[in-house]
Structure formats: C-alpha cells, structure tokens
Amino acid sequence: MIVNVSALYDKNCHCRHCEATFTTKRIRSGTLTMVKRDSDFYTIFTEQSLNPIYYTVNVCPECGFAFTDQFRDKLAPWQKQVVDEQISAKWTPKDFGHIRQLTEAIVSYKLAIYAAELTDQPHAVKAGLYLRLAWLYRSQENTEEEIRFIDMAVNEYELSYIHTDYLRSDKEMSEVRLLYLIGELYRRLEKFDLAIKYFGKALAFRNHTIESGIIRMAQDQWQVAREEYKEKKEQKIG
Ligand SMILES: [Zn+2]
C-alpha cells in the first residue's frame, strides 16, 4: 500500500500513567480530500488509510496505557493501581508509533476502551471511542461488529446526555448535536421509536440554535426513521 507519508507527522506524547515520553503519528490538517460524510459524522477520505481516526489513540509503548487527548489529564492513585495490575503487568512492549494499518487501529481502540472503562473516564469519551471503532468496522464492511459497537456508543452517549459530561469532555459536541447523534444511532440500530424521540428533542432547538445544518439533518433523518418504522410494522403484519 502506498501511503502519502508527507501527510503524517510525529507528535510527542507524555504517558498519563507511567510518565514515559513517546511519539505517535498524527495527520496534518488540510492534507486530506473528503469523499463523503455519513449521517453519523463518519468522514471518508480519498486515502482511507490516512483517516485521522486511525491515529486518535495514543498507546504508551512502555506500560500499555492507551488514551486519547480527551481523557482526564491525571490519573487518581486508585486508577494508577488498577492500570498497573490490569494493563501494565500483562503488557508486552509494542510500539504503535508508526504508520497504522486498519487492524492496528482497531487494536488501539480496544486498548483505549479497556483503559477508559478501568479508569472510569467520562461517558462522552467512552462513547466517542465506541463510535469510532464502529466506523472502522464499517470501513471493513463488518456489519455485525459495527452494530455491536454502535449499541455501546449510544448507551454511553445517552448517559453523557443525562449527566451532561459532554460539555467538559468533547469540545465539538453541543446539546443539539448530541441529541441528533443519539437519534441517528438508534435509527441505525432499528430502534425507531427512540430514534424519533431523540430527533424530536433535537428539532425542539429549531429556533434557538445556530447549528442549522444539524436541524436539517434531524428533519431528514426523522423522516427516514418514520418511513423505516412504518415499513417494519407493515412487514410484521404482512
Ligand atoms: Zn506509560
């Protein structure tokens, strides 16, 4: 595979667990050409192997702690202890700091999800990891795994909405965007009643948000969900 190496650069990282320093690849912004964006914000580029989501997770080669820039800055003593016991004690040194293939990107997310669950990171952080992992499976056309992780993502996004932790953990997330996304993920899980409920909550922001793009998407996907719901009901009767 030919990779446009100039799009990549090395970023210095500081492990939030063992304090080792290491480098990890990042994609230079502006070097990619977007092909399309799915209705749940998964963005596809001409060079899929340069998708920035391949490089979201920093994996410490020394101790195995995997984290993203959204993780809390510091680990509490109990968190350090659980990482020591459950991750570092079992870790065989492996470097994720080079160009990643899809399978390595998938492994990096699984490591970060495990670390996030063990150290009780915010729901918004866990949700983002589950959703990006689902996207990687989508790119592989592995629908079963994609759906499994969308299910986990929407559970965490719902908890994030209830506890409002997205306000602190995810700079790009607003309430209307989150409501839309929960609706869209439920639609993809064919839980149409919940999808319609959340699209409705998003549409309630119609006159008091500057995110008109999200409102348009919520209108469109609400319509799609209603039609799919009707079809499903008719199938059951027929
Ligand atoms: Zn470390």
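**A zinc site, two helices and a few loops**

User: How far is the sulfur of C13 from the closest cysteine sulfur in this predicted model?
Analyst: Happy to start there, and remember that this model is predicted. A pair of cysteine sulfur atoms counts as a disulfide within 2.5 Å. The closest cysteine sulfur to that of C13 sits in C15, which is too far for a bond, at 9.0 Å.

User: How many disulfides does the structure hold?
Analyst: A disulfide is a covalent bond between the sulfur atoms of two cysteines. C13 is too far from the closest cysteine sulfur for such a bond. For the structure, the number of disulfides is zero.

User: Which protein residues are the donors of the zinc ion?
Analyst: Look for the SG atoms lying 2.2 to 2.4 Å from the zinc ion. In sequence, their residues follow the spacing C-x2-C-x41-C-x2-C. The donors are C15, C18, C60 and C63.

User: What arrangement do the four donor atoms make around the zinc ion?
Analyst: Four donors count as tetrahedral if all angles lie between 85 and 135 degrees. Here the donor atoms subtend angles of 106 to 113°, so the arrangement is tetrahedral.

User: Is C18 buried, partly exposed or exposed?
Analyst: Buried means under 20% relative accessible area, and exposed means over 50%. Two other zinc donors, C60 and C63, are buried. C18 has 34% relative accessibility, so this residue counts as partly exposed.

User: Are α2 and α3 roughly parallel or roughly antiparallel to each other?
Analyst: The axes of α2 (residues 102-118) and α3 (residues 123-139) come within 10 Å and cross at roughly 160°. Angles over 145 degrees count as roughly antiparallel. The crossing of α2 past α3 is left-handed. The two helices are therefore roughly antiparallel.

User: What sign does the phi of D120 have?
Analyst: Most residues other than glycine have a negative phi. D120, in the loop between α2 and α3, is not a glycine, yet has a phi of about 55°. The sign for D120 is positive.

User: Is E141 buried or exposed?
Analyst: E141 lies in the loop between α3 and α4 and has a positive phi of about 60°. The cut-off for exposed is over 50% relative accessible area. At 70%, E141 counts as exposed.

User: How far apart in space are L189 and G64, C-alpha to C-alpha?
Analyst: L189 is in the loop between α6 and α7 and counts as buried, at 15% relative accessibility. In sequence, L189 and G64 are 125 residues apart. In space, their C-alpha separation is 33 Å.

Conventions. Residues numbered from 1 in each chain as written. Predicted model: local features only at pLDDT ≥ 70, side-chain atom pairs only at ≥ 80, totals over all residues. Heavy atoms only, no water. Donors = N, O, S within 2.8 Å, 3.2 Å for Na, K, Ca; no water. Tetrahedral: all angles 85-135°; square planar, octahedral: opposite > 155°, others 65-115°. Buried < 20%, exposed > 50% of the residue type's maximum accessible area, 1.4 Å probe, protein only. Axes fitted to C-alpha atoms, helices over the stretch in contact; angles between N-to-C directions. Helix = DSSP H or I, 4+ residues; strand = E, 2+ residues; numbered from the N terminus. Parallel < 35°, antiparallel > 145°, perpendicular 65-115°, else oblique. Left-handed = near helix turned anticlockwise from the far one by under 90°.
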